[in-house]
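The following report describes a single protein model, beginning with its charged contacts and ending with its overall composition.

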Amino acid sequence: MKETDNIPEREITDPAVYFNRRKFIQTGIMAASVVATGLAYRRLNPHAKGSVATAPIANLASAATDSDNGFRVGEPETSLEDITHYNNFYEFTTDKEGVAAAAAKFDTSGWQVSVEGLVRKPRVFSLDDLLRISPPEERVYRMRCVEAWSMVIPWAGYSLSKLLAVVEPLDEAKYVAFETLLDPRRMPGQQSEVLNWPYVEGLRLDEAMHPLTLLASGLYGRALPPQDGAPIRLVTPWKYGFKGIKSIVKIKLVAAQPRTTWNEAAPNEYGFYANVNPQVDHPRWSQATEQRIGESGRRPTLMFNGYADQVAHLYAGMDLRAQF
């Protein structure tokens, strides 16, 4: 094990502080003590438990349990409490433990998602339209954050490929670009300059069409709460968490690699592909081990987050150190 694997969490600077230069200068030495995973703080100061006031999902099917298809991880699931009260969602706040409170009144009524670009049948979908495309199923996925913490989450949704099949991608389409809602009034974190808004992300088309790529509308059998990306979000379990764009309002099929928020903010730290790779460290900390939320100690990070059997072929012949 590398010596860098044992960097104390308190010494890892939160990316939100690091990239907001003015704030970084103001906070100075204090920034160096920001706790990336918050585990030490939470053991001493547990946050108040709150209910998850979202409706149960009717007719939720269980995904296939065949361990070879990757749809269900045979590991203990992270508690609903932690999944809904420890979140990265800078549109509301950079405080991971403050997102739930900041997003509590987020209203998603009348939500629409435009699917456009290089498709034969562009269309604006209501949330009901999206949910009618395919019955939701539960998939238990490992989720790994670039800050070296992880969860096991029972998502509800369906493969993004089913939505893309409805709009019929053209041959020229090579990538899929995603965009989050831009509304600083409803998402007060967008009033800050910590990132360029709106949040945007992208996948290669073959990644987007992979059956593991999930258009998620729920977790733990209930509709997504605001802090987890309501009402609709992307889940790509073999990639770092920042690829899982939340509160999606636009999906666009394009010919060229689209821009992505974190890659633009720090291209030497956050690559376009963002595949979980224990052999490629973040410049400021090791990615060789991870802290599973709710557990003590650390565990080895798995290549492609444990989904190598399902997705490694997508990257055959690529230099995963250069194309990270």
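## Salt bridges and a buried strand

Arg72 counts as partly exposed, because its relative accessibility is 23%; here buried means under 20% relative accessible area, exposed over 50%, and partly exposed in between, with a 1.4 Å probe and protein chains only. The model is predicted: local features need pLDDT of at least 70 and side-chain atom pairs count only at pLDDT 80 or more, while totals for chains, interfaces and linings use all residues. Residues are numbered from 1 along each chain as its sequence is written, and side-chain values use heavy atoms, with hydrogens and water left out.

Side chains of opposite charge can pair when their charged atoms come close. A salt bridge is defined as a side-chain nitrogen of Lys or Arg within 4 Å of a carboxyl oxygen of Asp or Glu. The whole structure contains 18 salt bridges, including the three tabulated here.

| Salt bridge | Closest N and O atoms |
|---|---|
| Arg72 – Glu138 | 3.2 Å |
| Glu75 – Arg142 | 2.8 Å |
| Glu75 – Arg299 | 3.8 Å |

Glu75 lies in the loop between β1 and α4 and Arg299 in strand β13 (residues 299–300), so this pair ties together parts that are 224 residues apart in sequence. Helices (H or I, at least four residues) and strands (E, at least two) are DSSP runs numbered from the N terminus. Arg299 is partly exposed, at 26% relative accessibility. Shared salt-bridge partners join Glu75, Arg142, Arg144, Glu290, Arg292, Glu295 and Arg299 into one network.

The other partners in the table are Glu138, which is buried with a relative accessible area of 16%, and Arg142, which counts as buried at 14% relative accessibility.

Which faces of β7 are covered? Both are: Val200, Gly202 and Arg204 on one side and Glu201 and Leu203 on the other are all buried. Since 5 of the 5 residues of strand β7 (residues 200–204) are buried, the strand is largely enclosed by the rest of the structure. Strand β6 (residues 175–180) pairs with β7 in the antiparallel sense over 5 bridges, where pairing requires that DSSP finds at least two bridges between two strands. Arg204 of β7 is the bridge partner of Tyr175.

The protein as a whole has 10 helices and 13 strands, and buried residues make up 55% of its 324 residues. Of the contacts (heavy atoms within 4.5 Å) between residues at least 6 apart in sequence, 73% join residues at least 24 apart.
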